[in-house]
Amino acid sequence: MDTMRERFISVTSRLLDEDPRLALVLAEISMDGFRPAQERHPDRVINVGIREQLLVGVGGGLALTGLRPVLHTFASFLVERPFEQVKLDFGHQGTGGVLVSANASYDWPAGGFTHMAPGDVALLDTLDGWTVHVPGHPDEAEALLRHAYSAGDDRVYVRLSQQSNTVPRPLGDLRFRTVREGRAGVVLAVGPLLDNVLAATEGLDVTVLYAATVRPFDDAALRAAAGRARADVVLVEPYLAGTSAAAAGRALVDVPHRVLPLGVGRAELRRYGTVEEHTAAHGLDAGSLRQRISGFLR
């Protein structure tokens, strides 16, 4: 199976051939994969080098000309480093575009903390009007990328990961989907953490919701699930723990409830190890999740 990033390269290359409004801006990352597309469309595949603020500024400028810009690099360099440009060149100017990141929270541990971005979605939450997709499988990534590219002039962030669930889920209207039903509580699994959540909750009487699109937050789906079960909600997110806690609280503002936010911790893990070791250290492996979820629901 190809990775989400490989699928991004193949899908975007094809759509550059089909849609003259699409433009791609890179900062060296994934440039080798897009070289054939650049040869075919040198005016719409632009590599600015390792200049991430310029990457976003060029994308904002292309949007002002009527193009649909796609900006791509690692998450830490796409959202965190050029955040002022994201805020001004898209939000303040009222332009649209698609930010497509790679490496998620800790997908390349050897790169160290400079290449980790568990706070990217929380940072974008400080801005208005961003749609955020967190696919859990390459097939979902393709569907969400196609949706993002055709979404008029909206501002969209697509968060790609090296981690993946074993099978894709139907996305339909982009709302949260019910994967399993129960009455003792609700567990919301985001993107590539669904498999771990399903393993962790095997045999537990809980409803499992799946989200590949987290912004806008699906208030109605969470309220409906909480109405069918006890309103104890566990959020399992592949980025900073608590990122969606406020959104869940707003969705359930009229319902007595408890929320347990699980995700990547704030502590910097300086012994970088492997992706699996990071997952376990943050308590996001199936065994740790089962212990934490069971303890909370008791």
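Let's start at the tail: arginine 298 counts as exposed, with a relative accessibility of 81%. In this predicted model, arginine 298 sits in the segment after helix H12, a helix that covers residues 286-297. Take the C-alpha atom of arginine 298 and the one of glycine 91, and you have a separation of 44 Å between two residues that are 207 residues apart along the chain.

Now for a contrast. Is threonine 201 buried or exposed? Threonine 201 has a relative accessible area of 0%, and since anything under 20% counts as buried, threonine 201 is buried. You'll find threonine 201 in the loop between helix H8 (194-200) and strand E9 (207-211). Which residues does threonine 201 touch, leaving aside its neighbours within four places in sequence? The contacts are Arg180, Val187, Val206, Val208, Arg290 and Ile293.

Then there's an in-between case. Alanine 224 belongs to helix H9 and has 34% relative accessibility, so alanine 224 counts as partly exposed, a label that falls between the 20% and 50% cut-offs. From alanine 224 to leucine 252 it is 9.9 Å in space, C-alpha to C-alpha, with their positions 28 residues apart in sequence.

Here are those three residues side by side.

| Residue | Relative accessibility | Class |
|---|---|---|
| Threonine 201 | 0% | buried |
| Alanine 224 | 34% | partly exposed |
| Arginine 298 | 81% | exposed |

Let's zoom out to the whole chain. Its secondary structure adds up to 12 helices and 12 strands. Of the 298 residues, 55% count as buried. The C-alpha atoms fit in a box of roughly 60 × 40 × 35 Å along the principal axes. What would the radius of gyration be for a compact globule with 298 residues? It would be near 19 Å, and the chain has 19 Å, so the two agree.

How does the sequence come together in space? Look at the contacts between residues at least 6 apart in sequence: 74% of them join residues at least 24 apart. On the outside, the chain exposes about 12200 Å², and carbon and sulfur atoms supply 51% of that area. As for charges, there are 31 positive and 36 negative ones, and their mean positions are 4 Å apart.

Last stop: the aromatic rings. A pair of such rings is described by how far apart the centres are and by the angle of the planes. How many aromatic pairs does a search of the whole structure find? It finds 5. One pair is phenylalanine 8 with phenylalanine 34: the ring centres are 5.4 Å apart and the planes stand at 75 degrees, so this pair is edge-to-face. Because phenylalanine 8 is in helix H1 (residues 4-18) and phenylalanine 34 is in the loop between strand E1 (22-26) and helix H2 (35-40), the pair ties together parts that are 26 residues apart in sequence. Phenylalanine 8 and phenylalanine 34 are both buried.

Another pair joins phenylalanine 176 and phenylalanine 217, with centres 5.1 Å apart and planes at 90 degrees, so the arrangement is edge-to-face. This pair links distant parts of the chain, 41 residues apart: phenylalanine 176 is in the loop between strand E6 (155-159) and strand E7 (177-180), while phenylalanine 217 is in the loop between strand E10 (213-215) and helix H9 (219-228). Both of these phenylalanines, 176 and 217, are buried. And there's a cluster too: Phe74, Phe77 and Trp108 are linked by ring pairs.

Conventions:
Residues are numbered from 1 along each chain as its sequence is written. This is a predicted model: local features need pLDDT of at least 70, side-chain atom pairs count only at pLDDT 80 or more; totals for chains, interfaces and linings use all residues. Side-chain values use heavy atoms; hydrogens and water are left out. Helices (H or I, at least four residues) and strands (E, at least two) are DSSP runs, numbered from the N terminus. The radius of gyration is taken over C-alpha atoms; the globule rule is 2.2 Å times the number of residues to the power 0.38. Buried means under 20% relative accessible area, exposed over 50%, partly exposed in between (1.4 Å probe, protein chains only). Contact means heavy atoms within 4.5 Å. Accessible areas come from the Shrake-Rupley method with a 1.4 Å probe; for residues, only the protein chains shown count as cover. Lys and Arg count as positive and Asp and Glu as negative; His and the chain ends are not counted. The place of a charge is taken as NZ of Lys, CZ of Arg, CG of Asp or CD of Glu. Rings of Phe, Tyr and Trp (its six-membered ring) pair if their centres lie within 6.5 Å; planes under 30 degrees apart count as stacked, over 60 as edge-to-face and the rest as tilted.
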